[in-house]
Amino acid sequence: MTGIIEIYRRWPDRAACIKHLETVRWGGSPACTYCSSDKVAPHREASRDRWQCWACHKSFSVTVGTIFHNTHVDLQRWFLLVSLMLNAKKGLSSCQAARDLEMRQPTVWSMMHRIRAALVDDGALLTGLVEMDETYVGGKPRKANHRSDDPPGGQGITSKLPMSGTSN
Ligand SMILES: [Zn+2]
């Protein structure tokens with residue numbers, strides 16, 4: 001399990017968060033988030049986390065197309081919330097998380113909602129943040145084992161994550 005202190009140590013600032021996302025998403029060979037071209041280079045004028053694509057001429061950052069894109073919440077808080085959720089064996093209330101992260105509860109509630117959805121779509125991007133307890137989380141979603149009596153949308157990893165869905 002990866003605790004909050006460990007999360008702080010590993011990703012002490014935004015640059016570290018970005019670097020981690022780039023590694024998990026691209027594995028050392030960055031690709032344009034719009035056209036998938038690998039003819040990209042670090043953007044010279046913009047901030048350090050932006051890239052320039054020479055194929056479609058757009059600039060992008062690793063957060064494009066992820067839940068981290070276009071939010072006003074800093075990446076460290078996102079990372080911390082993901083770890084809190086994945087570590088909370090008995091579920092995490094948005095009120096508790098809001099206190100831990102010193103944020104407003106409605107903001108945390110909507111972040112948790114997006115994180116849950118993202119765990120289904122692209123779990124690897126998020127589960128890379130913490131050392132998963134496999135017996136608990138169950139590893140990657142296995143569609144083949146999906147039981148027909150599972151509720152719609154509840155297949156795979158989400159059905160094994162005991163996170164409370166209410167904003168109590
Ligand atoms: Zn492109």
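**View 1. The largest nonpolar core of this predicted model, with helix H3 as its main contributor.** The core holds 26 residues, and the members touching the most others are Trp78, Phe79, Leu81, Val82, Met85 and Ala97. Four elements put in two or more residues: helix H2 (14-26), H3, helix H4 (94-101) and helix H5 (105-127). H3 gives the most, with eight residues. As a bit of background, nonpolar side chains in soluble globular proteins tend to be buried together.

**View 2. Helix H3 up close, residues 75-87.** How far apart are the end C-alpha atoms of this helix? They sit 18 Å apart, and that agrees with expectation, because 13 residues at 1.5 Å a residue should span 18 Å. The buried residues of H3 are Leu75, Trp78, Phe79, Leu81, Val82, Ser83, Leu84, Met85 and Leu86. Pick out Phe79 and look at what it touches once residues up to four places away in sequence are set aside: Ile7, Trp11, Cys17 and Leu129.

**View 3. The three-stranded sheet, open and antiparallel.** Its strands come in the order S1-S2-S3. Strand S1 (40-42) and strand S3 (59-61) are the edges; each has a single partner strand, so one side of each has no neighbour in the sheet. From one strand to the next, the twist averages 35°. Zoom in on strand S2 (residues 50-53) and you'll find three bridges joining it to S3, the two running antiparallel. Within that pairing, Gln52 stands opposite Ser59 in S3. More generally, strands of a sheet pair through backbone hydrogen bonds.

**View 4. A second core, separate from the one in View 1.** This one has five residues, including Val40, Trp51, Cys53 and Phe60. Val40 falls in the range of strand S1 (40-42), Trp51 and Cys53 in that of S2 (residues 50-53), and Phe60 in that of S3 (59-61).

**View 5. His20 in helix H2, with Leu125 across from it in sequence terms.** Is His20 buried or partly exposed? It counts as partly exposed, because 18 other C-beta atoms lie within 10 Å, and being buried takes 20 or more. His20 and Leu125 are 105 residues apart in sequence, yet their C-alpha atoms are 9.5 Å apart in space. For the whole protein, 51% of contacts between residues at least 6 apart in sequence join residues at least 24 apart.

**View 6. Two loop residues with positive phi, Asn70 and Glu102.** Asn70 is not a glycine, but its phi is positive, about 55°. It lies in the loop between S3 and H3 and is exposed, with 8 other C-beta atoms within 10 Å. Glu102, also a residue other than glycine, has a phi near 55°. Glu102 is in the loop between H4 and H5, and it is exposed too, with 7 other C-beta atoms within 10 Å.

**View 7. Zooming out to the whole chain, with its seven helices and three strands.** Along the sequence, the pattern reads α-α-β-β-β-α-α-α-α-α. Of the 168 residues, 23% count as buried. The average pLDDT is 78, and 74% of the residues score at least 70. Over residues 133-168 the pLDDT is below 50, although this stretch has 48 contacts in the model beyond near neighbours in sequence. Where pLDDT is low, the predicted coordinates should not be read in detail.

Notes
Residues are numbered from 1 along each chain as its sequence is written. This is a predicted model: local features need pLDDT of at least 70, side-chain atom pairs count only at pLDDT 80 or more; totals for chains, interfaces and linings use all residues. Two strands pair if DSSP finds at least two bridges between them. Axes are lines fitted to C-alpha atoms, for helices over the stretch in contact, and angles run from 0 to 180 degrees between N-to-C directions. The expected span of a helix is 1.5 Å times one less than its number of residues. A residue is buried if 20 or more other C-beta atoms lie within 10 Å of its own, exposed if 12 or fewer, and partly exposed in between; C-beta atoms are placed from the backbone. pLDDT is the predictor's confidence in each residue, from 0 to 100. Two residues are in contact if their C-beta atoms, placed from the backbone, lie within 7 Å. A nonpolar core is a set of buried Ala, Val, Leu, Ile, Met, Phe, Trp, Tyr and Cys residues joined through C-beta atoms within 7 Å.
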